[in-house]
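Open the model in your viewer and keep the selection box handy. We will walk from strands to rings, one stop at a time.

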Amino acid sequence: MGYKFNIQDLNLALLELSKEYKIYAPKVLEGKGTFSDTDIVRYGEVSSVEEIEFNKKSQFSYKEVLLPITQTLFFFTENEVKEADVEEKSLLIFLRSCDMHSLKRIDDIYLRNGFEDPYYKKLREKAKFVLIGCKESYENCFCVNMGTNKTEEYDAYLKVEGNSVVMDIKNCELEKVFTSFKNEEYNVKPDYVIENEVKVNIPNNLELKVMDSCVWDEYSERCIACGRCNFVCPTCTCFTMQDLFYKDNKKAGERRRVWASCQVDGYTDMAGGHSFRNSKGQRMRFKVLHKVYDYKKRWGYNMCVGCGRCDDICPEYISFSNCINKLEKAMEEVK
(Lines give C-alpha, C1' and ligand atoms only; values in the text may rest on other atoms or scores of the structure.)
Protein backbone atom coordinates (compact mmCIF):
# COMPACT_ATOMS: atom_id res chain seq x y z
CA MET A 1 0.00 0.00 0.00
CA GLY A 2 1.30 3.45 -0.93
CA TYR A 3 0.17 7.06 -0.69
CA LYS A 4 -1.31 9.74 -2.89
CA PHE A 5 -0.40 13.42 -2.63
CA ASN A 6 -1.09 16.55 -4.58
CA ILE A 7 1.83 18.32 -6.21
CA GLN A 8 1.81 21.16 -3.70
CA ASP A 9 2.14 18.82 -0.71
CA LEU A 10 4.92 16.88 -2.43
CA ASN A 11 6.85 20.11 -2.96
CA LEU A 12 6.40 20.96 0.70
CA ALA A 13 7.79 17.53 1.57
CA LEU A 14 10.77 18.10 -0.74
CA LEU A 15 11.34 21.48 0.90
CA GLU A 16 11.38 19.80 4.28
CA LEU A 17 13.74 17.09 3.03
CA SER A 18 16.09 19.70 1.55
CA LYS A 19 17.03 20.69 5.10
CA GLU A 20 18.85 17.35 5.44
CA TYR A 21 19.26 16.19 1.84
CA LYS A 22 20.68 17.45 -1.41
CA ILE A 23 18.10 16.27 -3.92
CA TYR A 24 19.29 15.18 -7.37
CA ALA A 25 17.18 14.21 -10.36
CA PRO A 26 17.27 14.31 -14.16
CA LYS A 27 16.47 17.86 -15.27
CA VAL A 28 16.56 19.86 -18.47
CA LEU A 29 19.63 22.09 -18.66
CA GLU A 30 18.70 24.73 -21.18
CA GLY A 31 21.38 25.68 -23.69
CA LYS A 32 23.84 23.13 -22.28
CA GLY A 33 23.50 20.59 -25.08
CA THR A 34 26.17 19.41 -27.51
CA PHE A 35 25.29 22.06 -30.08
CA SER A 36 24.50 25.74 -29.59
CA ASP A 37 21.00 26.55 -28.38
CA THR A 38 20.24 22.90 -27.61
CA ASP A 39 19.23 21.45 -24.28
CA ILE A 40 20.44 18.39 -22.43
CA VAL A 41 18.83 16.19 -19.78
CA ARG A 42 21.36 15.63 -17.05
CA TYR A 43 21.44 15.18 -13.29
CA GLY A 44 21.30 18.29 -11.20
CA GLU A 45 20.05 19.54 -7.86
CA VAL A 46 16.28 20.15 -7.73
CA SER A 47 13.93 21.75 -5.23
CA SER A 48 10.51 20.96 -6.74
CA VAL A 49 8.89 18.12 -8.65
CA GLU A 50 8.30 20.43 -11.64
CA GLU A 51 12.06 20.56 -12.22
CA ILE A 52 12.30 16.78 -12.64
CA GLU A 53 12.25 15.44 -16.20
CA PHE A 54 10.12 12.29 -16.14
CA ASN A 55 9.48 11.83 -19.85
CA LYS A 56 12.98 11.77 -21.32
CA LYS A 57 16.02 9.62 -20.66
CA SER A 58 18.92 11.53 -19.15
CA GLN A 59 21.97 11.63 -21.42
CA PHE A 60 24.24 11.19 -18.40
CA SER A 61 23.56 8.84 -15.51
CA TYR A 62 23.22 9.60 -11.81
CA LYS A 63 26.71 8.19 -11.08
CA GLU A 64 28.39 11.60 -11.14
CA VAL A 65 26.58 12.31 -7.83
CA LEU A 66 28.29 9.37 -6.08
CA LEU A 67 31.42 9.35 -8.26
CA PRO A 68 32.17 12.99 -9.10
CA ILE A 69 33.90 13.56 -12.42
CA THR A 70 36.68 15.28 -10.51
CA GLN A 71 36.92 14.50 -6.79
CA THR A 72 39.53 15.88 -4.39
CA LEU A 73 40.51 13.04 -2.07
CA PHE A 74 42.98 14.81 0.19
CA PHE A 75 45.20 17.86 0.58
CA PHE A 76 48.90 17.61 1.40
CA THR A 77 51.81 19.70 2.55
CA GLU A 78 55.38 18.74 3.45
CA ASN A 79 54.27 17.66 6.91
CA GLU A 80 50.67 16.51 6.83
CA VAL A 81 47.81 15.04 4.84
CA LYS A 82 44.18 16.06 5.35
CA GLU A 83 41.23 14.27 3.77
CA ALA A 84 38.81 16.50 1.91
CA ASP A 85 35.61 17.34 3.75
CA VAL A 86 32.44 15.59 2.65
CA GLU A 87 29.17 17.45 2.13
CA GLU A 88 27.29 17.33 5.44
CA LYS A 89 23.89 16.76 3.87
CA SER A 90 22.70 13.34 2.79
CA LEU A 91 21.77 12.59 -0.82
CA LEU A 92 18.33 11.84 -2.27
CA ILE A 93 18.61 10.62 -5.87
CA PHE A 94 15.76 10.05 -8.35
CA LEU A 95 16.61 7.37 -10.90
CA ARG A 96 15.19 4.65 -13.17
CA SER A 97 15.31 0.88 -12.75
CA CYS A 98 18.34 0.33 -15.02
CA ASP A 99 20.30 2.89 -13.01
CA MET A 100 19.19 1.28 -9.75
CA HIS A 101 20.67 -1.97 -11.04
CA SER A 102 23.86 -0.17 -12.04
CA LEU A 103 24.30 0.91 -8.42
CA LYS A 104 24.81 -2.75 -7.54
CA ARG A 105 27.61 -2.92 -10.11
CA ILE A 106 29.33 0.17 -8.74
CA ASP A 107 29.04 -1.23 -5.21
CA ASP A 108 30.66 -4.45 -6.44
CA ILE A 109 33.70 -2.57 -7.70
CA TYR A 110 34.13 -0.06 -4.89
CA LEU A 111 32.90 -1.98 -1.84
CA ARG A 112 32.97 -5.73 -2.51
CA ASN A 113 36.02 -6.32 -4.67
CA GLY A 114 38.48 -7.12 -1.92
CA PHE A 115 38.76 -3.53 -0.70
CA GLU A 116 36.32 -0.86 0.45
CA ASP A 117 37.00 2.50 -1.15
CA PRO A 118 36.56 4.97 1.76
CA TYR A 119 35.82 7.98 -0.44
CA TYR A 120 33.01 6.26 -2.32
CA LYS A 121 31.70 4.63 0.86
CA LYS A 122 31.24 8.00 2.58
CA LEU A 123 28.96 9.24 -0.19
CA ARG A 124 27.23 5.90 -0.73
CA GLU A 125 26.20 5.61 2.92
CA LYS A 126 24.58 9.04 2.76
CA ALA A 127 22.44 8.24 -0.29
CA LYS A 128 18.80 7.22 -0.61
CA PHE A 129 17.09 6.43 -3.89
CA VAL A 130 13.68 7.24 -5.32
CA LEU A 131 12.65 5.09 -8.27
CA ILE A 132 11.11 6.67 -11.38
CA GLY A 133 9.04 4.23 -13.43
CA CYS A 134 9.18 3.82 -17.21
CA LYS A 135 5.82 3.68 -18.99
CA GLU A 136 7.49 2.80 -22.28
CA SER A 137 10.92 2.01 -23.65
CA TYR A 138 13.18 4.82 -24.81
CA GLU A 139 15.32 4.83 -27.92
CA ASN A 140 18.24 2.36 -27.84
CA CYS A 141 17.20 0.82 -24.50
CA PHE A 142 17.54 -2.96 -24.13
CA CYS A 143 16.96 -3.31 -20.38
CA VAL A 144 14.47 -6.18 -20.73
CA ASN A 145 17.05 -8.55 -22.21
CA MET A 146 19.54 -7.50 -19.55
CA GLY A 147 17.02 -8.17 -16.76
CA THR A 148 17.18 -4.61 -15.40
CA ASN A 149 13.76 -3.33 -16.46
CA LYS A 150 12.31 -3.61 -12.96
CA THR A 151 13.54 -3.56 -9.39
CA GLU A 152 12.28 -3.69 -5.81
CA GLU A 153 15.49 -2.25 -4.39
CA TYR A 154 14.46 1.35 -3.73
CA ASP A 155 13.75 3.58 -0.75
CA ALA A 156 10.70 5.11 -2.44
CA TYR A 157 8.88 5.02 -5.76
CA LEU A 158 7.28 8.11 -7.26
CA LYS A 159 4.87 8.61 -10.14
CA VAL A 160 3.22 11.85 -11.26
CA GLU A 161 -0.40 11.57 -12.43
CA GLY A 162 -1.66 14.99 -13.52
CA ASN A 163 -1.80 17.19 -10.42
CA SER A 164 -1.29 14.20 -8.14
CA VAL A 165 1.64 12.07 -7.11
CA VAL A 166 1.56 8.46 -5.96
CA MET A 167 4.36 6.99 -3.90
CA ASP A 168 5.44 3.68 -2.45
CA ILE A 169 7.68 4.48 0.50
CA LYS A 170 9.87 1.78 2.02
CA ASN A 171 12.32 3.89 4.00
CA CYS A 172 11.13 4.86 7.48
CA GLU A 173 12.93 8.20 7.53
CA LEU A 174 11.37 9.28 4.24
CA GLU A 175 7.97 7.98 5.25
CA LYS A 176 7.93 10.18 8.36
CA VAL A 177 8.43 13.27 6.22
CA PHE A 178 6.01 12.46 3.42
CA THR A 179 3.18 11.15 5.57
CA SER A 180 3.27 14.25 7.74
CA PHE A 181 1.52 16.01 4.86
CA LYS A 182 -2.01 15.45 3.60
CA ASN A 183 -2.26 12.11 1.92
CA GLU A 184 -4.47 9.13 1.29
CA GLU A 185 -3.60 5.47 1.06
CA TYR A 186 -3.28 4.24 -2.49
CA ASN A 187 -2.41 0.97 -4.17
CA VAL A 188 0.86 1.71 -5.96
CA LYS A 189 2.60 -0.51 -8.49
CA PRO A 190 5.77 0.75 -10.19
CA ASP A 191 5.63 1.16 -13.97
CA TYR A 192 8.20 -0.86 -15.85
CA VAL A 193 8.96 -1.73 -19.45
CA ILE A 194 8.04 -5.21 -20.65
CA GLU A 195 9.47 -4.94 -24.17
CA ASN A 196 12.18 -2.96 -25.95
CA GLU A 197 12.39 -2.28 -29.64
CA VAL A 198 16.10 -3.10 -29.39
CA LYS A 199 16.86 -6.69 -28.46
CA VAL A 200 20.18 -8.34 -27.70
CA ASN A 201 21.35 -11.93 -27.66
CA ILE A 202 24.37 -12.87 -25.58
CA PRO A 203 25.57 -16.33 -26.68
CA ASN A 204 25.41 -18.96 -23.96
CA ASN A 205 28.64 -20.45 -25.30
CA LEU A 206 30.56 -17.17 -25.22
CA GLU A 207 34.27 -17.83 -24.66
CA LEU A 208 37.43 -15.76 -24.73
CA LYS A 209 38.37 -17.21 -28.11
CA VAL A 210 36.01 -14.59 -29.56
CA MET A 211 38.91 -12.20 -28.97
CA ASP A 212 40.50 -13.65 -32.11
CA SER A 213 37.54 -12.79 -34.32
CA CYS A 214 37.87 -10.20 -37.07
CA VAL A 215 34.59 -8.64 -35.89
CA TRP A 216 36.59 -6.06 -33.92
CA ASP A 217 38.54 -4.79 -36.91
CA GLU A 218 35.83 -2.43 -38.18
CA TYR A 219 35.95 -0.43 -34.96
CA SER A 220 39.58 0.47 -35.58
CA GLU A 221 38.22 2.50 -38.48
CA ARG A 222 34.95 3.74 -37.00
CA CYS A 223 35.81 4.58 -33.36
CA ILE A 224 37.51 7.93 -32.75
CA ALA A 225 38.49 7.10 -29.13
CA CYS A 226 36.59 10.00 -27.60
CA GLY A 227 35.50 8.02 -24.52
CA ARG A 228 31.99 9.46 -24.44
CA CYS A 229 30.47 5.98 -24.18
CA ASN A 230 32.34 5.39 -20.93
CA PHE A 231 31.45 8.73 -19.41
CA VAL A 232 27.68 8.33 -19.90
CA CYS A 233 27.69 4.66 -18.88
CA PRO A 234 26.25 4.08 -15.38
CA THR A 235 28.52 1.07 -14.77
CA CYS A 236 31.92 2.34 -15.99
CA THR A 237 33.99 3.12 -12.91
CA CYS A 238 37.59 3.59 -14.07
CA PHE A 239 39.57 6.60 -12.92
CA THR A 240 43.03 8.11 -12.95
CA MET A 241 44.86 10.16 -10.31
CA GLN A 242 46.14 13.72 -10.58
CA ASP A 243 48.42 15.50 -8.13
CA LEU A 244 48.06 19.29 -8.29
CA PHE A 245 50.74 21.52 -6.78
CA TYR A 246 49.83 25.09 -5.87
CA LYS A 247 51.61 27.98 -7.53
CA ASP A 248 52.15 29.89 -4.30
CA ASN A 249 53.58 26.82 -2.53
CA LYS A 250 55.17 24.13 -4.71
CA LYS A 251 55.31 21.75 -1.74
CA ALA A 252 51.56 21.79 -1.10
CA GLY A 253 48.68 20.60 -3.21
CA GLU A 254 45.87 18.09 -3.55
CA ARG A 255 45.23 14.66 -5.01
CA ARG A 256 42.22 14.29 -7.28
CA ARG A 257 40.43 11.28 -8.67
CA VAL A 258 39.28 11.90 -12.25
CA TRP A 259 37.14 9.76 -14.55
CA ALA A 260 39.07 7.73 -17.11
CA SER A 261 38.11 5.81 -20.26
CA CYS A 262 39.40 2.50 -21.58
CA GLN A 263 38.71 3.81 -25.10
CA VAL A 264 41.07 6.80 -25.11
CA ASP A 265 44.73 6.96 -26.04
CA GLY A 266 47.06 6.54 -23.10
CA TYR A 267 44.72 4.54 -20.87
CA THR A 268 46.97 1.46 -20.86
CA ASP A 269 50.32 3.29 -20.89
CA MET A 270 52.89 1.81 -18.52
CA ALA A 271 56.34 2.70 -17.25
CA GLY A 272 59.01 2.13 -19.84
CA GLY A 273 56.81 3.22 -22.72
CA HIS A 274 54.79 0.02 -22.88
CA SER A 275 51.12 0.08 -23.81
CA PHE A 276 48.33 -2.41 -24.43
CA ARG A 277 45.39 -2.32 -26.83
CA ASN A 278 46.72 0.40 -29.10
CA SER A 279 44.12 -0.39 -31.76
CA LYS A 280 40.64 1.02 -31.23
CA GLY A 281 39.14 -2.29 -32.29
CA GLN A 282 40.88 -4.06 -29.43
CA ARG A 283 39.70 -1.40 -27.01
CA MET A 284 36.15 -2.05 -28.19
CA ARG A 285 36.71 -5.76 -27.73
CA PHE A 286 37.91 -5.17 -24.19
CA LYS A 287 34.88 -3.04 -23.32
CA VAL A 288 32.28 -5.35 -24.83
CA LEU A 289 33.64 -8.51 -23.24
CA HIS A 290 34.08 -6.79 -19.91
CA LYS A 291 30.41 -5.80 -19.94
CA VAL A 292 28.95 -9.16 -20.98
CA TYR A 293 31.54 -11.84 -20.26
CA ASP A 294 34.25 -11.51 -17.64
CA TYR A 295 32.21 -9.40 -15.21
CA LYS A 296 29.54 -12.11 -15.24
CA LYS A 297 32.22 -14.74 -14.61
CA ARG A 298 33.19 -12.81 -11.49
CA TRP A 299 29.79 -11.71 -10.15
CA GLY A 300 27.15 -13.89 -11.77
CA TYR A 301 25.41 -11.17 -13.80
CA ASN A 302 26.32 -8.88 -16.66
CA MET A 303 27.86 -5.48 -16.06
CA CYS A 304 25.81 -3.79 -18.79
CA VAL A 305 22.30 -2.76 -17.70
CA GLY A 306 20.97 -1.94 -21.16
CA CYS A 307 20.30 1.77 -20.69
CA GLY A 308 21.45 2.52 -24.25
CA ARG A 309 23.18 5.78 -23.36
CA CYS A 310 26.37 4.71 -25.14
CA ASP A 311 24.40 4.36 -28.38
CA ASP A 312 22.68 7.71 -27.77
CA ILE A 313 25.94 9.61 -27.29
CA CYS A 314 28.33 8.08 -29.84
CA PRO A 315 29.27 10.66 -32.52
CA GLU A 316 30.15 7.83 -34.92
CA TYR A 317 26.82 6.01 -34.46
CA ILE A 318 28.46 2.88 -33.07
CA SER A 319 25.83 0.70 -31.44
CA PHE A 320 26.84 -1.30 -28.38
CA SER A 321 23.75 -3.49 -28.73
CA ASN A 322 24.88 -4.34 -32.28
CA CYS A 323 28.31 -5.22 -30.93
CA ILE A 324 26.67 -7.71 -28.56
CA ASN A 325 24.54 -9.18 -31.34
CA LYS A 326 27.63 -9.80 -33.47
CA LEU A 327 29.15 -12.07 -30.84
CA GLU A 328 27.22 -15.18 -31.85
CA LYS A 329 28.47 -15.02 -35.43
CA ALA A 330 31.95 -14.14 -34.21
CA MET A 331 31.98 -17.29 -32.06
CA GLU A 332 31.15 -19.38 -35.13
CA GLU A 333 34.00 -17.80 -37.09
CA VAL A 334 36.66 -18.77 -34.58
CA LYS A 335 35.62 -22.41 -34.05
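**First stop: a hairpin**

Select Leu158 and look across to strand E9, where its bridge partner is Met167. Before going further, note that this is a predicted model, in which local features need pLDDT of at least 70, side-chain atom pairs count only at pLDDT 80 or more, and totals for chains, interfaces and linings use all residues. Residues are numbered from 1 along each chain as its sequence is written, and side-chain values use heavy atoms, with hydrogens and water left out.

Helices (H or I, at least four residues) and strands (E, at least two) are DSSP runs numbered from the N terminus, and two strands pair if DSSP finds at least two bridges between them. Now show residues 164–169, which are strand E9: 6 bridges join E8 to E9, and the two run antiparallel. They form a hairpin with 2 residues between them. Click on Gly162 in the turn, which has a positive phi of about 65°.

Next, add residues 127–132 (strand E7) and 156–161 (strand E8), which pair in the parallel sense over 3 bridges. Leu131 stands opposite Tyr157 in E8.

**Second stop: the open sheet**

Move to the open sheet of 4 strands, with the order E5-E4-E12-E11 and antiparallel pairing. Its edge strands are E5 (81–83) and E11 (239–246), each pairing on one side only. Colour residues 249–259, strand E12, and you will find 8 bridges joining it to E11. To see one bridge, select Asp243 and its partner Arg255 in E12.

**Third stop: the rings**

Rings of Phe, Tyr and Trp (its six-membered ring) pair if their centres lie within 6.5 Å; planes under 30 degrees apart count as stacked, over 60 as edge-to-face and the rest as tilted. How many aromatic pairs are there by this rule? The count comes to 8. Select Tyr110 and Tyr120: their ring centres are 5.1 Å apart and their planes at 35°, so the pair is tilted. Tyr110 lies in helix H3 (residues 97–111) and Tyr120 in helix H4 (residues 118–124), so the pair ties together parts that are 10 residues apart in sequence.

Are these two buried or exposed? Buried means under 20% relative accessible area, exposed over 50%, partly exposed in between (1.4 Å probe, protein chains only). Tyr110 counts as buried at 5%, and Tyr120 counts as buried at 1%. Add Phe239 to see the cluster that ring pairs form with Tyr110 and Tyr120.
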